[in-house]
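Me: Got a model to go through with me? Let's take it one question at a time.
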There are 2 protein chains.
Amino acid sequence: MHPAPLSAGHLQRAPENFLDAAGVQAVRTEARHGRRDFIRQAFAAAAVGLPLQARAQAGDPAILQPQAHALGLGRPVLSEAYGRPSRFEAAVQRRASPGLTPTPQSSVSFAPLQSLFGIVTPSGLHFERHHQGWWDVDPTQHRLMLNGSDERLLRRPMVFTMDELMRLPSVSRFHFIECGANTGMEWGNVAVPTCQYTHGMLSCSEFTGVPLNLLLDMAGADRRRGRYLLAEGGDGSGLTRTIPMELVERGEVLVAYGQNGEMLRPENGYPLRLVVPGVQGVSWVKYLRRIELGDQPYGSKDETLQYADLMPDGRLRQYTSVQECKSVITQPSGGQRLLDRGFCAISGLAWSGRGRVRRVDVSVDGGQNWRAARLQTPVLDKCLTRFGLDWVWDGSPALLQSRAVDDTGYVQPTYRQLRARRGTRSVYHNNAVQTWLVQASGEVSNVQLA
Amino acid sequence: MHPAPLSAGHLQRAPENFLDAAGVQAVRTEARHGRRDFIRQAFAAAAVGLPLQARAQAGDPAILQPQAHALGLGRPVLSEAYGRPSRFEAAVQRRASPGLTPTPQSSVSFAPLQSLFGIVTPSGLHFERHHQGWWDVDPTQHRLMLNGSDERLLRRPMVFTMDELMRLPSVSRFHFIECGANTGMEWGNVAVPTCQYTHGMLSCSEFTGVPLNLLLDMAGADRRRGRYLLAEGGDGSGLTRTIPMELVERGEVLVAYGQNGEMLRPENGYPLRLVVPGVQGVSWVKYLRRIELGDQPYGSKDETLQYADLMPDGRLRQYTSVQECKSVITQPSGGQRLLDRGFCAISGLAWSGRGRVRRVDVSVDGGQNWRAARLQTPVLDKCLTRFGLDWVWDGSPALLQSRAVDDTGYVQPTYRQLRARRGTRSVYHNNAVQTWLVQASGEVSNVQLA
């Protein structure tokens, strides 16, 4: 039910403007009866004489005639012991941006946010970011080592097999993961065409693993001196990241093997990755093989040369790990097209690396007026939150924006505000308000307001 | 990392009893310092002189030698535009019970609960129950009709295309779905060998769809007279179920197209199914094509001849739809084997069709003594809840049980209690406490206590 991301969205296929009258009524109803159920009011008022009813009366062969699947035996159970999506959903897939990265092994694929619902990202559509390609590592041969940068920092160095890790107590939590470079192209005001490419280095899963705190206790960590960890991946890129112990001591950092109920996928670090909630994806080290406790930041290549923010004065801002509060409207979004005026359910995602989303406001006029969106519950810590707003498109150009606020009071900035602080030359941590232009033709495209 | 369900579990592969000493210490620690973090205490005390450390010192080639994946380029992004699990996880799959049902089109496959984490069931492992096989229905040809059993009950009959439904406001919610016949074999005291077969007609997803309440308002439902709905599926089995309007008026019943972030899978009713939280799976009508509003229950074949509970006196108990509070330990469970004494993290699932799980108690001695399990948060309404308990197996036979209580105060019954009320001849709604016997050999099997 979702088209290719560079073509139109499902909204394009809506054949009739059956809710136009409803929408107009809806706005008035909301103003009059603030406490009543806006949606039910809106739609209850809508139905008289609209095409839906007409189709029921005229006789739609798709409902009146017997369909093939009503007339025969279907496919048996276990046609697929591990199931796959419908053949009609083949266009809903991860996609790579041509020319974004020099080699297919050091590259990115983006999740099709414009086609997703709720907060869970199906593991088969989770975005990919590899530094030297991905591997399907034999879990019986995988090890995790814990050591200290000197012997006193970690009294009992340890090596764990996967079996040993998996018999320890585990926790499961829903968290988003976002690459620090997500939306990075837009620093330069490049109008990336679709939501998949502007924001698709973002996914959300239920992760299961062992709290790293527990492993450090087992290994006899000196928590006074040992204030930094080095996390090291097992693949050839030699990816290493410094993790401040404050994050670990919150109890949130996991040595994770599970994702959405099953083992991690190979592209996402099977059999073991670090989960560092709220922190940019590069710190969620895949194929995790070693954790070292040290007394100072490690200054690894992946946090000094790479993943550092270029400031207007030419200096690099380092160790900027937390993904600040951000949001994006995913439906309707760039590349989709509204074929008719009338009711349109706006839907999107909001998140914050510092905590919970407190509210999301939506504007359809480029930020002049805002309305509070509904937040889908439960609103979880360092997790995607789905928001929604009922909108009636009157057929004139519109500028759709969402602006999230988290429970620290941090407000998602405009591009103007972000650039005032951090210039235009960075690649990382662009969390500015996204604008989608709906043209009179119904086409939706990516624009930046000055 | 998970074996075939009829062979041993991952616990079988744990090579050393490295936490034995820890476990003994742990229990004492818990008693003394009730408010302190039991797990961290337990494991911090455990590590001196244990095999883990020995391996680190002796030199484990799997951590000391360079591995193949550290020495070369891996596979590129988009090797799979829609990803798949690791080749090492091939044994984690849905399975059918030989001889359970007469044809593969009217059959069941079970979810591998013993290999799953957290609460989300990967859509590829969601249990299957078909009455006449499954179909991959073309969504552009699918319709949903709303009508009344007479013209006054529903003033505006309607026919919706998928596009029309998908532009309406939607909600996303996590809910379990359980077949009413789950654990049905055990009424007859048949010792089904594994958790996959005893409880695997159970799955949990984030569902997205349009509240049915909204559609009924659009169609002008007479809510005073119209107290029952008929939900009709589009496949050849002609499956129909009565849904009481009380359930719909809670706002929970959805006309759903989304599951775990993407469209429903074909085996689970793509493109449209009814979601009736807390109610047995048969009412979650797949390939949903029609909803009729009526003024009395419909008495369809699927709720009078089938899906009715045979009572001791030979009468049928009908319209028993709600899945009462229930729980099961999934690790360790039948078919798995503990290879060594010592620490063992007990993990399981609890749920209630009436609301939230309030608490889960776990016994390792067949119900003589109980300890409160940890509940993984968030604990959601009519959703699976993951529980956990730290246990030290001393090598002697043990009888593992879990007993859940929901927020109505309902306590999961023992078999003795269930049979006293409902006899032994039913197939449906067996929510009795499950017992797993751990033998001195470490083998875990299914037993029933008198």
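Reply: Sure, and a definition goes up front: helices (H or I, at least four residues) and strands (E, at least two) are DSSP runs, numbered from the N terminus. This is a predicted model, where local features need pLDDT of at least 70, side-chain atom pairs count only at pLDDT 80 or more, and totals for chains, interfaces and linings use all residues. Residues are numbered from 1 along each chain as its sequence is written, while chains are lettered from A and ligands numbered from 1 in the order in which they are written.

Me: How many helices and strands does chain A have?
Reply: Chain A has 450 residues, and 58% of them count as buried (20 or more other C-beta atoms within 10 Å of a residue's own; 12 or fewer is exposed, in between is partly exposed, with C-beta atoms placed from the backbone). Its secondary structure comes to 10 helices and 23 strands.

Me: What rotation superposes chain A on chain B?
Reply: The copies are fitted by least squares on the C-alpha atoms of residues with pLDDT of at least 70 in both. The fit gives an RMSD of 0.0 Å with 0.0 Å of shift along the axis, and the rotation is 180°. That is the relation of a two-fold axis.

Me: How many residues of chain A are in contact with chain B?
Reply: Contact here is C-beta atoms, placed from the backbone, within 7 Å. On that basis 121 residues of chain B take part, and from chain A 121. By class, chain A's side has 63 nonpolar, 33 polar and 25 charged residues (Ala, Val, Leu, Ile, Met, Phe, Trp, Tyr, Cys and Pro are nonpolar, Asp, Glu, Lys and Arg charged, and the others, Gly among them, polar).

Me: Which residues touch the most other members of the largest nonpolar core?
Reply: A nonpolar core is a set of buried Ala, Val, Leu, Ile, Met, Phe, Trp, Tyr and Cys residues joined through C-beta atoms within 7 Å. The largest one has 205 residues, and those with the most contacts to other members are A:Val255 and B:Val255.

Me: Where does this core lie with respect to domain 1 and domain 2 of chain B?
Reply: The domain bounds come from an automatic or database domain assignment. Domain 1 (107-317) and domain 2 (326-447) of chain B both give residues to the core, so the core lies between them.

Me: Is β3(A) buried or exposed?
Reply: Strand β3 of chain A covers residues 143-148. A:Arg143, A:Met145 and A:Asn147 point one way, and A:Leu144, A:Leu146 and A:Gly148 point the other way. Six of the six residues in β3(A) come out as buried.

Me: Which strand runs parallel to β3(A)?
Reply: Pairing takes at least two DSSP bridges between two strands. β3(A) has four bridges to β4(A) (residues 158-161), but that pair is antiparallel. Another four bridges join β3(A) in the parallel sense to β12(A), residues 288-294. In that pair A:Asn147 stands opposite A:Glu292, a residue of β12(A).

Me: Which strands stand at the edges of the five-strand sheet in chain B?
Reply: This open sheet runs in the order β18-β17-β21-β22-β23, with antiparallel pairing. Two of these strands have a single partner each, so one side of each is left without a neighbour in the sheet: β18 (371-372) and β23 (444-447) of chain B.

Me: What is the bridge partner of B:Asp361 in β21(B)?
Reply: Strand β17 (residues 357-363) of chain B pairs with β21 (residues 398-406) of chain B in the antiparallel sense, over six bridges. In β21(B), the partner of B:Asp361 is B:Arg403.

Me: What is omega for the cis peptide bond between A:Tyr270 and A:Pro271?
Reply: A:Pro271 lies in the loop between β10 (262-263) and β11 (273-275) of chain A. The cis bond joining A:Tyr270 to A:Pro271 has an omega of about 5°.

Me: Is B:Tyr307 buried or exposed?
Reply: B:Tyr307 lies in the loop between α9 (301-304) and β13 (309-310) of chain B. Its phi is positive, about 55°, although B:Tyr307 is not a glycine. With 25 other C-beta atoms within 10 Å, B:Tyr307 is buried.

Note on methods
Contact = placed C-beta atoms within 7 Å.
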